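I opened this notebook to record what I looked up, entry by entry, for someone meeting the structure for the first time.

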Amino acid sequence: MQVSCVNPDGSAAPYQGWSGTADGSPEFDSNNHALCAPGSPMTANLSAAVSPAPGGTDEFLQYTPPANSTLVGGSMNVTLSAYGRGSSATAVAGLYEPVFNPSDSDRFLVCSPILSPCQNGTYTWTGQEPLPASRGGNLIAAASCASPNSMPCDEDPDGNDNYASVSI
């Protein structure tokens, strides 16, 4: 069993196995932080602070199980937020396992202003999310700008300077 960031008693827990990365051409101020502690979650943010985010741009957090181990399920505390959009583009905040493949069943929780709202009917969701049982792969949290024709996310209707964000 592994606990990341915060033990049940509120003390700091290790976060080994987590890493952050980006895909595409994230704009200035987009970021990912796979370091965490009580009161300071891991985050991936696709920024709207400076300029549009090109379609196909992603900020990731990824958990890779230790050698000779498999991710068999569990739960995690997560916040997903996706309000950004553009002409033929939408922001997406999502959780995926075993690989990042937004178009199929690897996606198990997603928020998007165009594709689908969060499970609470809005575009921000915070709660404890059960992880799919026995998919056996990596766990990916992604803040993305999705577009079938590479159009950018260039609208930030809620004005929070992020098209999409994920916090764990």
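The entries below go from the whole chain to its pockets and then to the strands beside them.

**Entry one: the chain as a whole.** I began by noting that this is a predicted model, and I read every value here as computed from it. I then looked up the elements and found 0 helices and 13 strands in the protein chain, so that the order from the N terminus is β throughout, written thirteen times over. For the overall form, I found that the C-alpha atoms fill a box of roughly 45 × 30 × 30 Å along the principal axes. I also checked the radius of gyration, which is 15 Å, and this agrees with a compact globule because one of 168 residues would have a value near 15 Å.

**Entry two: burial and contacts.** I looked up how much of the chain is buried, and 41% of the 168 residues count as such. Turning to contacts between residues at least 6 apart in sequence, I noted that 69% of them join residues at least 24 apart.

**Entry three: the largest pocket.** Which residues lie closest to the centre of the largest pocket? I first recorded its space, about 840 Å³, and then found that, of the 31 residues that line it, Gln-2, Val-3, Ser-4, Ser-75 and Met-76 are the closest to its centre. Strands S1 (5-6), S7 (74-82) and S11 (124-131) are the elements that give two or more residues to this lining, and S7 gives the most, with 4 residues. By type, I counted the lining as 19 nonpolar and 12 polar residues, with no charged ones.

**Entry four: the partners of S7.** I followed S7 further and found that 8 bridges join it to S11, the two strands running antiparallel, with Ser-75 standing opposite Pro-130 in S11. S7 is also joined by 4 bridges to strand S13 (residues 162-167), again antiparallel, and there the bridge partner of Leu-80 is Val-166.

**Entry five: the second largest pocket.** I recorded about 190 Å³ of space for the second largest pocket, whose lining includes Gly-56, Asp-58, Tyr-96, Phe-100, Arg-107 and Cys-145. Strands S9 (89-96) and S12 (139-146) each supply at least two residues of this lining, and S12 gives the most, with 3 residues. I found its residues divided into 7 nonpolar, 3 polar and 2 charged, whereas the lining of the largest pocket has no charged residues.

Key. Residues numbered from 1 in each chain as written. Predicted model: local features only at pLDDT ≥ 70, side-chain atom pairs only at ≥ 80, totals over all residues. Heavy atoms only, no water. 1 Å grid on protein atoms, 1.4 Å probe; cavity = no way out; pocket = protein on both sides within 12 Å on 5 of 7 lines; lining within 4 Å. Points joined across faces, edges and corners; volume = space filled by probe spheres on them. Nonpolar A, V, L, I, M, F, W, Y, C, P; charged D, E, K, R; others polar. Pairing = 2+ DSSP bridges. Rg over C-alpha atoms; globule rule 2.2 N^0.38 Å. Buried < 20%, exposed > 50% of the residue type's maximum accessible area, 1.4 Å probe, protein only. Contact = heavy atoms within 4.5 Å.
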